[in-house]
Amino acid sequence: ARDCASLLREAKQLGMEELVKLLDWKLAEQADTGGQQALAPFTPPPAATLPLCAPESPGYAGAPIPGNETERIALLKTLDVLYTSPEHQYDCIADVVAALFDMPIVLVSLVSTSEQWFKAKCGLACSTTSRNASFCAFTFKPEAPTKASMLVIEDARRDPRVADNPLVVGEPYIQFYAGCPLVTSCGIRLGALCCIDRVPRSFNFAQAQILINFGQLTTQYLEASHLID
C-alpha cells in the first residue's frame with residue numbers, strides 16, 4: 001500500500017521539490033477536512049486482476065502521424081530510454097498522480113514507430129500497446145512547440161477519435177483519459193503522462209495544471225538521465 005505520507009518521504013529523498021509541495025498541500029487538505037495524517041492507502045489491484053490490453057483492431061487507424069515524426073523518433077532513440085528497467089522516480093510520479101486524482105491507471109507512455117511503451121505504469125499489466133491504440137499519440141498534433149496542450153477525453157465512447165479504439169471497446173475499457181504531452185527542451189513530444197479511468201469523469205483546470213507540472217518533471221528526468229549517461 002502506498003499513501004501520501006510514504007510518497008512524501010520518497011519524494012524528499014529523490015529531491016523532487018514540486019512533488020513535495022503538492023504532497024504537503026494534499027496532506028494539509030486532509031487535515032483541514034478532518035482526515036488523518038495521510039490519505040487512505042492507495043493499493044493497486046493484485047497483478048492477477050490487472051487488465052491486459054486488447055489486441056489491435058485492424059479497422060482502427062489511430063492518431064495521425066505528425067510531420068516531425070522522423071525527428072521525433074530520432075530524439076527518442078538518442079535518449080536511450082525505451083525498454084529500460086523500471087526507475088524509482090518515474091514509478092513514484094505514477095503512484096503520486098494515481099493517489100492525488102484517485103485514478104485506477106496512470107502511465108508514463110513513450111510512443112515509438114510501431115508501439116507505445118510504458119516507462120512507468122500503475123494499475124495496468126501490459127507494458128506496451130500498438131501505436132494505433134495509443135491515446136497519447138493524439139497529443140503530438142499540431143507539431144508546433146507553442147501548440148502543445150493537454151488532451152482530455154471525458155467519455156471516450158462519445159469521442160469519434162477513439163470510440164472504436166480497441167482499448168475502449170475491449171480491456172481496459174477506457175472511458176476517461178487525460179494526457180499531458182512530454183515536451184522536451186527542443187519542443188519535441190516523446191509521449192505523455194496520462195491518467196485513465198473506466199468511467200466517464202471531468203477534469204478541472206487545477207487538476208490539469210497539476211498533471212502538467214508532473215509531466216514537465218517527467219520530461220526533465222528523461223533529459224537529465226541522458227546527460228548523466
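A residue counts as buried when its relative accessible area is under 20%, and as exposed when that area is over 50%. Keep those two words in mind as we walk through this predicted model.

**Stop 1: the whole chain**

Start by showing the full protein chain as a cartoon. You should find six helices and six strands. Followed from the N terminus, the elements run α-α-α-α-β-β-β-β-α-β-β-α. Of the 229 residues in the chain, 52% count as buried. If you switch on the surface, its accessible area comes to about 10800 Å², with 54% of that belonging to carbon and sulfur atoms.

**Stop 2: colour by confidence**

Now colour the chain by pLDDT. The average is 85, and 79% of the residues score at least 70. Which element has the lowest confidence, and which the highest? Helix α2 (residues 17-32) is lowest, with a mean of 68, while β1 is highest, at 98. Next, select residues 35-49, where the pLDDT is below 50. Beyond near neighbours in sequence, this stretch has 28 contacts in the model.

**Stop 3: helix α3**

Select residues 69-79, which make up helix α3. Show the side chains of Glu-69, Arg-72, Ile-73, Leu-76 and Leu-79: these are buried. Now turn the view until you look down the axis of α3. The buried residues fall within an arc of 120°, so they line one face of the helix. What sits on the face turned away from that buried side? There you will meet Thr-70 and Lys-77, which are exposed. Step just past the end of α3 to Asp-80, whose phi is positive, near 55°.

**Stop 4: strands β1 and β2**

Move on to β1 (residues 105-111), which pairs with β2 in the antiparallel sense over six bridges. The two strands form a hairpin with three residues between them. To see the pairing up close, select Val-108 and find Ala-120 of β2 standing opposite.

Stay with β2, residues 115-122. Is this strand mostly buried or exposed? Six of its eight residues are buried, so the strand is largely enclosed by the rest of the structure.

**Stop 5: on to β3**

Finally, add β3 (residues 128-130), which runs antiparallel to β2 and is joined to that strand by three bridges. Pick out Glu-115 and you will see Ser-130 of β3 opposite. The hairpin of β2 and β3 has five residues between its strands. End the tour at Gly-123 in this hairpin, where phi is positive, near 90°.

Definitions and conventions
Residues are numbered from 1 along each chain as its sequence is written. This is a predicted model: local features need pLDDT of at least 70, side-chain atom pairs count only at pLDDT 80 or more; totals for chains, interfaces and linings use all residues. Side-chain values use heavy atoms; hydrogens and water are left out. Buried means under 20% relative accessible area, exposed over 50%, partly exposed in between (1.4 Å probe, protein chains only). Helices (H or I, at least four residues) and strands (E, at least two) are DSSP runs, numbered from the N terminus. Two strands pair if DSSP finds at least two bridges between them. Accessible areas come from the Shrake-Rupley method with a 1.4 Å probe; for residues, only the protein chains shown count as cover. pLDDT is the predictor's confidence in each residue, from 0 to 100. Contact means heavy atoms within 4.5 Å. The arc is that of the directions from the helix axis to the C-beta atoms.
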